[in-house]
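Thanks for sharing this one. Here are some friendly notes on the charged side-chain pairs, for you to follow along with at the bench.

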Amino acid sequence: MNASPSDTTRMPQSALDLQAAALLARVASDREQRCAALRTAADLQARQIVAAARIEALANVRNAITEERARIEQGLRQAAARAEIETRQDEQRESQVLLQRMWIDMPAVIERRWDDLSQRQAWIEAAVAVAAILLAGRSWRIESSPSWTDSERDRWAKHAVDKGASAVEWSPNSSVRAGLKIRTDHVCIDATVPGLLAPRDAIESAFLAEYLRLNAARLPVQAARSAP
């Protein structure tokens, strides 16, 4: 039996199967390699995404903490400012009460000093000393209470002349309860109670300064007494 040309070139079925199997194996291997590469790339990308998200989340947390801290600090500063304002307002109200009380009590306190003989003499001498500086060589007119005796007027007139008055004229003034006024042309040294209390701002400042000093001095004593 003679073979045809097609029969001589035909490969055995087993060889075809082997080639197909090898091709399929290469395809499968290539697929696995590609899949592994894709998985590696996907894992890397996922890790990068997670890392970036973690960094962003951390930055957001830090920003939030910074903003919250700034908000709290601002709130504390505002609260401190409000407390300071309220404290000053309380101090101002307390100062106003103290000053009102002082102005009520001060005239009577000063008048009581006039009623004390030694303090009255110091009062008059201080007024004459000021007049001696400002009114030396001039004629003085002294206004005082009508209750002054002749001997008192004579004694203080001589004292005024000794201090520089060219002459002394007495002018009884029933409105003067305590103190005296020493006048020349266009000048008056007012040493009466209203005259002494005229510089209100200076008196209030000095009074509050003395009150704060005495109050500060009392605090350690009170603390020592309250200590167990």
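How many salt bridges does the structure hold? The count comes to 12 salt bridges. Please keep in mind that this is a predicted model. Three of the pairs are taken up in the points below.

1. Let's begin with Arg 71 and Glu 68, whose side chains form a salt bridge with an N to O distance of 2.4 Å. Both residues belong to helix α2, which covers residues 13-115. They sit 3 residues apart there, or about one turn of the helix. As for its surroundings, Glu 68 is partly exposed, at a relative accessible area of 36%.

2. Next, have a look at helix α4, residues 150-162, where Asp 162 and Lys 158 are 4 residues apart and therefore separated by about one helical turn. Their side chains meet in a salt bridge, at 3.3 Å from N to O. Are these two residues buried or exposed? Both Asp 162 and Lys 158 are exposed.

3. Finally, turn to Glu 210 and Arg 213, another pair joined by a salt bridge between their side chains, with 2.5 Å from N to O. Why are they about one helical turn from each other? Because Glu 210 and Arg 213 lie 3 residues apart in helix α6, which spans residues 200-226. Glu 210 has a relative accessible area of 36%, so it counts as partly exposed.

Key: Residues numbered from 1 in each chain as written. Predicted model: local features only at pLDDT ≥ 70, side-chain atom pairs only at ≥ 80, totals over all residues. Heavy atoms only, no water. Salt bridge = Lys/Arg side-chain N within 4 Å of Asp/Glu carboxyl O. Helix = DSSP H or I, 4+ residues; strand = E, 2+ residues; numbered from the N terminus. Buried < 20%, exposed > 50% of the residue type's maximum accessible area, 1.4 Å probe, protein only.
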